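Q: Please walk me through one part of this model in close detail: how its packed pieces sit against each other. I'd like one connected picture rather than a list.

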Amino acid sequence: MTRLNTNQWLALVFAVLAVGYIAMAWQIPTFPLPRPVDSDLFPKVLGFSLLILSVFLFFEKPTPIAGADEVDEEAQHGPLLLTPWARVIVTSLAIAAYALLLVPLGFVLASTLLCVGLTAYYGYRRHGVNLATSLGVVLALYLTMTKVMDVYLPTGLLPF
């Protein structure tokens with residue numbers, strides 16, 4: 001018996017999750033009127049796609065990653081807020097702050113603040129371009145979601 005590598009363990013976990021997801025997707029009731037695409041189609045397609053991809057992952061041969069065993073000492077001993085683990089923690093805290101500020105500030109301000117703040121933290125220094133791009137993308141998403149798709153997003157401080 002051979003040992004399973006990391007990809008195979010992950011594939012088994014994903015396959016179990018996919019089977020459970022597919023089982024729950026079969027529990028979705030069908031709409032009483034005949035329609036070509038019913039509400040249960042997308043979850044079933046998603047579940048079977050995950051199952052197929054997990055089979056592919058199980059049989060994929062792992063290749064050695066160049067430099068995977070090497071640790072970048074410069075990144076480890078740099079400023080504390082720029083170490084790899086600090087970046088994960090700061091990003092997680094920023095997402096938690098975004099979730100807390102979404103309703104009081106609104107979608108546009110909170111999302112723009114998250115985008116501008118994280119891109120500045122990760123080293124992008126053209127703040128005008130950063131602000132314009134973040135605001136443009138966020139406004140496009142907001143207008144598409146609220147006007148086209150009729151999804152409610154919190155307005156917060158802005159009078160949209």
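A: Domain bounds here come from an automatic or database domain assignment. With that in mind, the chain of this predicted model splits into domain 1, covering 6–59, and domain 2, covering 73–148. Their C-alpha centres sit 32 Å apart.

Let's go for the packing in domain 2, starting with helix 4 (residues 84–105) and helix 5 (residues 107–121), whose axes come within 8 Å and cross at roughly 165°. Angles over 145 degrees count as roughly antiparallel, and that makes helix 4 roughly antiparallel to helix 5. The crossing is right-handed. On the helix 4 side, the contact uses Ala86, Arg87, Val90, Thr91, Ala94, Ile95, Tyr98, Leu101, Leu102 and Leu105. Helix 5 answers with Phe107, Leu109, Ala110, Ser111, Leu113, Leu114, Leu118 and Tyr121. Sort the residues of this helix 4 and helix 5 contact by class and you get 15 nonpolar, 2 polar and 1 charged.

Now follow helix 5 on to its contact with helix 6. These two pack at an angle of about 145°, with their axes 9 Å apart, and their crossing is right-handed. Helix 5 brings Phe107, Val108, Ser111, Thr112, Cys115, Val116, Thr119 and Ala120 to the contact. From helix 6 come His127, Asn130, Leu131, Ser134, Leu135, Val138, Leu139, Leu141 and Tyr142. The split for helix 5 with helix 6 is 11 nonpolar, 6 polar and no charged residues. Phe107 and Ser111 of helix 5 turn up in the contact with helix 4 and again in the one with helix 6.

Phe107 deserves a second glance. The whole structure holds 3 aromatic pairs, and one of them is Phe107 with Tyr142: their ring centres are 6.2 Å apart and their planes sit at 20°, so the pair is stacked. Since Phe107 belongs to helix 5 and Tyr142 to helix 6 (residues 127–148), the pair ties together parts that are 35 residues apart in sequence.

For a side-by-side view, here is the helix pair in domain 1. Helix 1 (residues 6–25) and helix 2 (residues 41–59) have axes that come within 8 Å and cross at roughly 160°, so they too are roughly antiparallel to each other. Here, though, the crossing is left-handed. Among the residues making this contact are Leu10, Phe14 and Tyr21 of helix 1, along with Leu46, Phe48 and Phe58 of helix 2. By class, the contact of helix 1 with helix 2 has 17 nonpolar, 4 polar and 1 charged residues.

Definitions and conventions. Residues are numbered from 1 along each chain as its sequence is written. This is a predicted model: local features need pLDDT of at least 70, side-chain atom pairs count only at pLDDT 80 or more; totals for chains, interfaces and linings use all residues. Side-chain values use heavy atoms; hydrogens and water are left out. Axes are lines fitted to C-alpha atoms, for helices over the stretch in contact, and angles run from 0 to 180 degrees between N-to-C directions. Helices (H or I, at least four residues) and strands (E, at least two) are DSSP runs, numbered from the N terminus. Angles under 35 degrees count as roughly parallel, over 145 as roughly antiparallel, 65 to 115 as roughly perpendicular and the rest as oblique. A crossing is left-handed if the near helix is turned anticlockwise from the far one by less than a right angle, and right-handed if clockwise. Contact means heavy atoms within 4.5 Å. Ala, Val, Leu, Ile, Met, Phe, Trp, Tyr, Cys and Pro count as nonpolar, Asp, Glu, Lys and Arg as charged, and the others, Gly among them, as polar. Rings of Phe, Tyr and Trp (its six-membered ring) pair if their centres lie within 6.5 Å; planes under 30 degrees apart count as stacked, over 60 as edge-to-face and the rest as tilted.
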